[in-house]
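Reader: Hi! Could you take me on a close look at one part of this thing, the chain called A, and show me how it is put together and what it touches?

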Amino acid sequence: MNAMGSLILRTAARFLLPLLLLFSIFVLLRGHDEPGGGFIAGLVAAVGFALYLFAFDAARTRRIMAMNPQVMLGLGLLAATLSGVPSIFLDQAFFTAQWWPFEVPGIGEIKLSTPLVFDIGVYMVVLGSVMHIVLALAEAEE
Amino acid sequence: MTEWVPVLVVFVPFLAGVVQFMAGRRVIAWWPVLASVATVAVSLWLTFAVAAGGGIEHFMGGWQPPLGIALRADGLATVMILLTAVVGGLVSVYALEAHGTGDPRASHFWALWLMLWGSLNALFLSADLFNIYVTLELVTLAAIPLVLLAGPEKTVTAALRYLQFALFGSLLYLAGVALTYGLAGSLDLALVGPALTDGGITGAVAATCMVVGLLVKAAVFPFHVWLPAAHGGAPAAVSAILSALVVKAAVYLLLRLWTGPLAGLADGLVAQLMGALGAAAILYGSIQAFRQERLKLVVAYSTVAQLGYMLLFFPMAVAQAWEGAVYHGLSHGVAKAALFLAAGNVLVYLGHDRVRDLKGLDRSLSVSLLAFGIAGVSIMGLPPSGGFIAKWLLLRASLETGQWWWAVVLISGGLLAAAYIFRVLRYAFLQAPDRPPATTGPIPPPIMALPATLLALLAIALGFTAAPLLALLGGLPEGTG
Amino acid sequence: MLIAVLSGFMLAAVAPWLTRSLGDKAGWVLALLPALLFAYFLSWMPAVMHGDAVVVHYPWIPGLDINLSFLVDGLSLLFAVLISGIGTFIIIYAGGYLHGDEYLPRFFAIMFSFMAAMLGVVLSDNLITLFVFWELTSITSYLLIGYHHENKEARWCALQGLVVTVGGGLALLAGLIMLGNAAGSFELSEILGSGEILREYPLYTAMVVLILLGTFTKSAQVPFHFWLPNAMAAPTPVSAFLHSATMVKAGVYLMARLNPGLGGTDLWLYTLGIFGALTMFTGSFMALRSTGVKAVLAYTTVMALGTLTMLIGIGTEEAIIAAMTFLLAHALYKAALFMLAGALDHETGTKDILKMGGLRRLMPITFLTACVAALSLAGLPPLFGFIGKELMFEATVTAPALALFTAGLALISAIMIVAMAAVFALRPFLGDLKETPKKPHEAPLSMLIGPVILAALSLIFGLAGFLPAAALVNGAVASVYGTPLDVQLYLWHGFNLPLMLSVVAVIAGIVLFVKWDRVLELFARMPFIDRLGPERGYERIMDALVWVAEWQTRVLQNGYMRNYLITIVMTTVVATAWTFFVHTGQGVPLGEIDFRIYELVVVGLVVAGAIVASVTRSRLGAVATLGLVGFGIAMIYVFFSAADVGTTQIMVETLTVILLVLVLFRLPGFQNLSDTSSRLRDAAVAASLGGLMTILILAVNAVEVAEPISDRLVHWSVPEGFGRNIVNVILVDFRALDTLGEIFVVGLAAIGIYAMINLRAEDKGK
């Protein structure tokens, strides 16, 4: 891939990646009320990293991701599954949503909740899975 | 507390699989053992809870259908989970030695297998048409990489073929689910029945799509072509799981849907057609099994044939056929797992599994071959085995309904099974060795031979334990027939 | 009783181990079981000797109505006593005959299974149980016959026996099911009392023909007789057991058993009478042509089986008494003779009578025993075989039909049998000592005890006919005839036609014996006889089967994925289309189609993209046009205000293109490997699926749908799910389990792909 990566692409990727990541977190957090959610957000982030991979190489992409996609995938699955657990202690059915809304001065109401944890899990799984595959393919190529 | 058991049965293996996956190369040796024991334990807990107190329901997230999804452990689901626990538990013991726990491949195996275990349990418990689709996908996508563990070069074609068929089947099933949803406004198995029955053409087409999709997944003749290569090529432990549990999951769904939401649509001609597919599978699969030159392919084709018996339920649709078909699923499950594990031991020892060259194995592999023979008794349907009870029930059902032609199929199938089982045993047991067999591997240790033997003995034991198991299963669901 | 039947299977399980640990004495110790069984069955004798029957029920699975039931009456007891009694000697004998044989442990295991299965056949009360045991005897005998597996011919013979008897078994099953349905019960004890109903049954003829196909194949009746002599390939103890008391007698047993229920009709009389008599003749004729010790005996078994069938068919009082007496006599002498044949073969190393001679000094006990047993075979006084033969002649001459035919064939057969009995008993022993492959000496005790006792019994029963009459024959006759008869067995019946026939047979037989060498020369000049046999037909059928199997593999399972895909697509199309048209009748109700121009444009783009993707020759072009299809579909989602789904689709499309680009350059270039006609065929298959789906969607659209659930979802979303984005509330809350499942699917797919790439790299690295 290195040979194909032009200067323009590299520069664009460097700028696009943080932007796409920020956007993906925005999409993730607002998902419960407006179009968005963990799945789309994960895909957006994955597109960002995939572009970066095209511009640079697999090793650099791994470094900038900071977390092994395999681990991210596993953690995501764990987080999503464990978001169902709190309901156990309240003697409610598994995956019964728990809400802890609170006001943050200046920003407004923030809804902390188990569905949010679940959505973050989804985000990590999607991002982790796609990068797991893409990186494996790219490394096999090299 | 019991209302939590269905959740545990699904999530204990899932979480264990995720942990195994994350651990990656730093495999914890005792983790698979702990995970398998825990899964078997919760499965047994569920069995006893359902046996003692009747069915258990758990509404996920506290949302009742039609809004949410229910996990429903009734008799049928519970016996299938019990089967999965028994076969899965013993295959895990086998795999501890066969796959080990120390390297990346082992890690892959355990992660995938534990997730497959959870997926199967979820499939049996799910009471929601779309959720069932999700579990079907889970089962397929966990199963295919397991096939590849035998070595991608050898199995990649088989695995991809499996994938193509499975996806085609899933898509068809999904199309049927979508139509049903449009018709009924619900996806719960217990709620969609009336809408499907009154749904005219949409109901009929939805039912057709779901049934044909599941037939593809279940490798029912003529959709069986992907099965032998995949089941024959996979590692022994995986073959055992695939043949004993995974394809059966699709047949289970056919039974579940037919006696549930589709009961009002069941049409005599369609039922006979299903029976005819089953009969064709029995005869064709058995003849092919007899002709195979490789031991694992013999066993794999035998699966094609044995699945056919469960389809004979549809044309008869009486209580005995119901019991017979499910009981056949159980006894075939344990017996087939035993056959595949025994065949795996042969492969380990000889380095090949060509039927004609199995000479003089009786000394070195006596335990495995004994397991093969005992399990073969149940496959043939000879007394006193679980296979016999199942065939007996089906036979009586065919006589009771006056459909004697199925009786002829049942018996022919048994005889053909005898032919292919004895063909293998004759070479392995009775052929005088010209010289000591040229082996490439060590004699498999007892820990690999014992699970096969135990499974084979269980297949025989099923000949004596029908009463409590059939009581747990419960009678034919109302409104069928 | 249950233990008695199943003990053989239990012993079979441990027999290999016992044999190894017992060493030389294994045969003697293992024979204890049949001996015990023999004593056990004898103890039943008082209960059934006057024609009573006892049914023993064992509930197997209470509540399921699965029972094991056994019927003990005179007939079943006669067989049970023979099986266990002769079985005892056979086991002892096998210990000597197969001494030191590597496979002896296994041999005993199969032998005991076989014995148990045979006991199951003759003692079962339930037709289905009987059938199961029946097939078990086929299978175990297949293993016994094919015992010498290094010998290709033995394997072939074993397979032939299996195919013929198992094929017949299928017919039998159909017949038994009809029988059960006609009588309204599957218990023999109930069926046999309903003879009236059975004979009135509309399908009586079909039922009888099917059952007889099963019994004829099992009992080697013409034209299925060819497998039995071939089955001589078995080791001698097996032959002795198969031919005397078991296997081949199973067919005779079943005909005798069903006689009270099915017999007494013209169909029964003529079928059994004619086929039985022909078999009798064929057997003795073939015996005359044979020179192997075992072949001679095997063909005389065919003769005996024919005789028994014929007698059951005739079905008069005389005939049934004759049948049961003949059965007992035959079992005694045939077991003895086979064991002696084995002793000869074992000691001399050859099976050819012509190559033996002058053994009388070296093997005196064998010689003497052979003479006694052969006299019984020939039917000479004072042996028990004489009583049997006299009764047989009497039954044929007094038969209500076919008297001349059966009596004539019986006489001719008797002549030939006398000759062959003499050949067997005299040729190897008299004359000059001939050079044989092994140095002969007297056989060990284990190989002589059986023949000696059995031959002695032939003599004792002949002299004291009241013994077998009271103990065994009386009860058996009562079972077969249906009502008790007073059976008296004497050597001397006075001067009558049967005695005259016997005298003629003996004189002519002796003449034939003297001229036997000439007869053999005569046959040698007529090789065409060999080509007339029904064995040819069997071979043709087997060839045809192999051909069919290969043909279907070529056509159905040729390994090409494209053909498999065509199969599943077309099956789906036909199934769905069929359902569809069954429900719609002639007309297809189409829904209102309401569209806007921009929708049409997007749809047009999607269709164009799909067409270009499937005809383009460039990979990159295909990827690009597939992307077009994906984005078009995303647009359609957006038109129908599913923004979430649309966005997801766009993201997925983007990633798909990235992935495709990553793998694209690793693939070989496009090549056109299929010709135009197969491409047209593929196009037609694809179009049929697409077309069907289109029609379906249009038709489904026309149907009134229930109240959409989306209303309810909207209603619940904010108050209960605390979210305004319904899609997201469904995904993370209402149906979180589905989402969880799907992310596991995504994860598993990633693991799978990763595994495929990495394992492959690893394999290549090695």
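Author: Here is a walk through chain A, followed by its surroundings. Keep in mind that this is a predicted model.

Let's start with the overall layout. Chain A has six helices and two strands, and if you read along the sequence they come in the order α-α-α-α-α-β-β-α. The C-alpha trace spans about 60 × 35 × 20 Å along its principal axes. Of the 142 residues in chain A, 49% are buried. Now look at contacts between residues with a separation of 6 or more: 68% of those in chain A join residues 24 or more positions apart.

Next, zoom in on helix H2 of chain A, residues 38-55. What does H2(A) pack against? One partner is helix H1 of chain A, residues 7-30, and the two axes sit 8 Å apart at an angle of about 170 degrees. Since an angle over 145 degrees counts as roughly antiparallel, H1(A) is roughly antiparallel to H2(A). On the H1(A) side, the residues making this contact include Leu9(A), Ala13(A), Leu16(A), Leu20(A) and Phe23(A). From H2(A) come, among them, Ile40(A), Val44(A), Val47(A), Leu51(A) and Phe54(A). By class, this contact has 20 nonpolar, three polar and one charged residues.

H2(A) also packs with helix H6 of chain A, residues 114-141. Here the axes are again 8 Å apart, but the angle is about 30 degrees. That is under 35 degrees, so H2(A) is roughly parallel to H6(A). The crossing of these two helices is right-handed. Who meets whom? H2(A) brings residues including Phe39(A), Gly42(A), Leu43(A), Ala46(A) and Leu53(A), while H6(A) answers with Asp119(A), Tyr123(A), Val126(A), Val130(A) and Val134(A), among others. This contact divides into 17 nonpolar, two polar and one charged.

A few residues of H2(A) turn up in both lists. Phe49(A), for instance, belongs to the contact with H1(A) and also to the one with H6(A). Ala41(A) and Ala45(A) are named in the contact with H1(A) and in the contact with H6(A) too.

Now step outside chain A. Which chain C residues touch it? There are 36 residues of chain C in contact with 38 residues of chain A. Helix H29 (643-664), H32 and H33 of chain C each supply at least two residues to that side, and H33(C) has the largest share, with 15 residues. That side of chain C divides into 24 nonpolar, nine polar and three charged.

Chain C has a contact with chain B as well: 63 residues of chain C meet 72 residues of chain B. Several helices of chain C give two or more residues to this side, including H6 (127-145), H7 (152-183) and H30 (676-701). H33(C) gives the most here, with 16 residues. The side of chain C that touches chain B divides into 39 nonpolar, 14 polar and ten charged.

So, back to your question of how chain A is put together: H2(A) is roughly antiparallel to H1(A) and roughly parallel to H6(A). As for what chain A touches, H33(C) gives the largest share of the side of chain C that meets chain A.

Definitions and conventions: Residues are numbered from 1 along each chain as its sequence is written. Chains are lettered from A and ligands numbered from 1 in the order in which they are written. This is a predicted model: local features need pLDDT of at least 70, side-chain atom pairs count only at pLDDT 80 or more; totals for chains, interfaces and linings use all residues. Two residues are in contact if their C-beta atoms, placed from the backbone, lie within 7 Å. Helices (H or I, at least four residues) and strands (E, at least two) are DSSP runs, numbered from the N terminus. Ala, Val, Leu, Ile, Met, Phe, Trp, Tyr, Cys and Pro count as nonpolar, Asp, Glu, Lys and Arg as charged, and the others, Gly among them, as polar. Axes are lines fitted to C-alpha atoms, for helices over the stretch in contact, and angles run from 0 to 180 degrees between N-to-C directions. Angles under 35 degrees count as roughly parallel, over 145 as roughly antiparallel, 65 to 115 as roughly perpendicular and the rest as oblique. A crossing is left-handed if the near helix is turned anticlockwise from the far one by less than a right angle, and right-handed if clockwise. A residue is buried if 20 or more other C-beta atoms lie within 10 Å of its own, exposed if 12 or fewer, and partly exposed in between; C-beta atoms are placed from the backbone.
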